[in-house]
Amino acid sequence: MTEHSHSSRSLRRQPKQQRGKERVKKILDAAAAVFDEVGYEAATTHLIAAKAGTAIGSLYQFFPDKAAIFHAMELRHVEQVKLMWAQVDKQQIVQLPLRQMIHTLASAVAQLFEQPVSRVVFVQFFISRQIFQSIDDSMTQEAINFMASILKQRNSALSEAQCNLLAEVCVHSSNAVMLSALRTADRQHKQLLIQQIEDLLVSYLEPHLGDSLLGNVMKVMKCPHCRSPQLSKNGYRRGKQCYRCKDCGKQFVNNSRG
């Protein structure tokens, strides 16, 4: 993925006032709808302007052509993905039961693709990759790295290679099913496919991250300082799991041998 300096090449001029920003957003949303309806090749700036309810001259104030509009859509999608990742509390999510953890992640992704721009950019990446300027396979690798870090935090016994392999399979398989879901016009079937992603990942990860493998250490362990059971994982020290007490804020290392 290239730097966001591409935005200067996508927009003829950057909107400074709120009204201009809202107009650009309206154009991008309209473009997503047009690309979704007729495809990128058949789409025109006139169709996009009509869908946005704005004059073609107003559109050209910001975008020289439909390629520039699409490139701006790419950047917005990247921003939304980064925001989604940033909002995931890794320390909290890895302590959830496996299905609940996967449900939380899958729901965040499904919510992302409720946004027309992200939905269209995702689909186009797999069917018309040559039109992209700001997104390439490195974005998929970032998703794999993100997933691998979650798997490692949930089960430290897994090696880096195992986490990366599991994450790679999770991301690629999820993308494949999600692509099918987003391309179907049958809304009910789309929801069924999205639900299957969760079942697929839970079944695949169960042998490596299942609740029975991890035990119930968080349920029975108490803070040695204040005896509170309200704990959160807090990294590792010399190969041992560290914890932080949510009540008194102090940290300690799990020294149990069993």
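These are my notebook entries on a predicted model, covering its overall make-up, its cavity, its salt bridges and one lysine.

**Entry 1. Overall make-up**

I began with the chain as a whole. It has 258 residues, and buried residues account for 43% of them. I listed the secondary structure next and found 13 helices and three strands. I then turned to contacts between residues at least 6 apart in sequence: 61% of these join residues at least 24 apart.

**Entry 2. The cavity**

How many cavities of 30 Å³ or more does the model hold? I found one. The space in this largest cavity is about 680 Å³.

I looked up the lining of the largest cavity and noted 31 residues. Those nearest the centre of the cavity are M84, V109, A143, V171 and N175.

I then asked which helices supply at least two residues each to this lining. They are helix 5 (66–86), helix 7 (98–112), helix 8 (116–127), helix 9 (137–154), helix 10 (160–183) and helix 11. Helix 7 contributes the most, with six residues.

I also sorted the lining by class. It comprises 27 nonpolar residues and four polar ones, and no charged residue is present.

**Entry 3. Salt bridges**

I recalled the general point before searching: side chains of opposite charge can pair when their charged atoms come close. My count for the model is eight salt bridges, and I examined three of them individually.

The first is between K25 and D29, with 3.0 Å from N to O. I noted that both residues belong to helix 2 (residues 18–38) and that, because they are four residues apart there, about one helical turn separates them. K25 is partly exposed at a relative accessible area of 45%. D29 is also partly exposed, its relative accessible area being 24%.

The second again involves D29, which forms a salt bridge with R76; their closest N and O atoms are 2.9 Å apart. This pair links distant parts of the chain, since D29 lies in helix 2 and R76 in helix 5, 47 residues apart. Is R76 buried or exposed? I recorded R76 as buried, with a relative accessible area of 17%; the cut-off for buried is under 20%.

The third joins the side chains of R129 and D137 at 2.8 Å, N to O. R129 counts as partly exposed at 39% relative accessibility. D137 is likewise partly exposed, with a relative accessible area of 47%.

I then checked for shared partners. K25, D29 and R76 are joined into one network by salt bridges that share partners.

**Entry 4. K190**

I next located K190, which sits in helix 11 (residues 187–209). Which residues does K190 contact, leaving aside its neighbours within four places in sequence? I listed A181, L182 and T184.

I then looked for a charged partner. K190 is buried yet has no salt bridge. The nearest side chain of opposite charge is that of E114, at 6.8 Å. A salt bridge requires the nitrogen and oxygen to be within 4 Å, and so the K190–E114 pair, at 6.8 Å, does not count as one.

**Entry 5. Points to keep**

I set two items side by side for reference. R76 is buried and has a salt bridge to D29. K190 is buried and has no salt bridge.

Conventions. Residues are numbered from 1 along each chain as its sequence is written. This is a predicted model: local features need pLDDT of at least 70, side-chain atom pairs count only at pLDDT 80 or more; totals for chains, interfaces and linings use all residues. Side-chain values use heavy atoms; hydrogens and water are left out. Buried means under 20% relative accessible area, exposed over 50%, partly exposed in between (1.4 Å probe, protein chains only). Lys and Arg count as positive and Asp and Glu as negative; His and the chain ends are not counted. Contact means heavy atoms within 4.5 Å. On a 1 Å grid over the protein atoms alone, a cavity is a set of points where a 1.4 Å probe fits but cannot get out, and a pocket is an open set with protein on both sides within 12 Å along at least five of seven lines; lining residues have an atom within 4 Å of a point. Grid points are joined across faces, edges and corners, and a volume is the space filled by probe spheres set on the points. Ala, Val, Leu, Ile, Met, Phe, Trp, Tyr, Cys and Pro count as nonpolar, Asp, Glu, Lys and Arg as charged, and the others, Gly among them, as polar.
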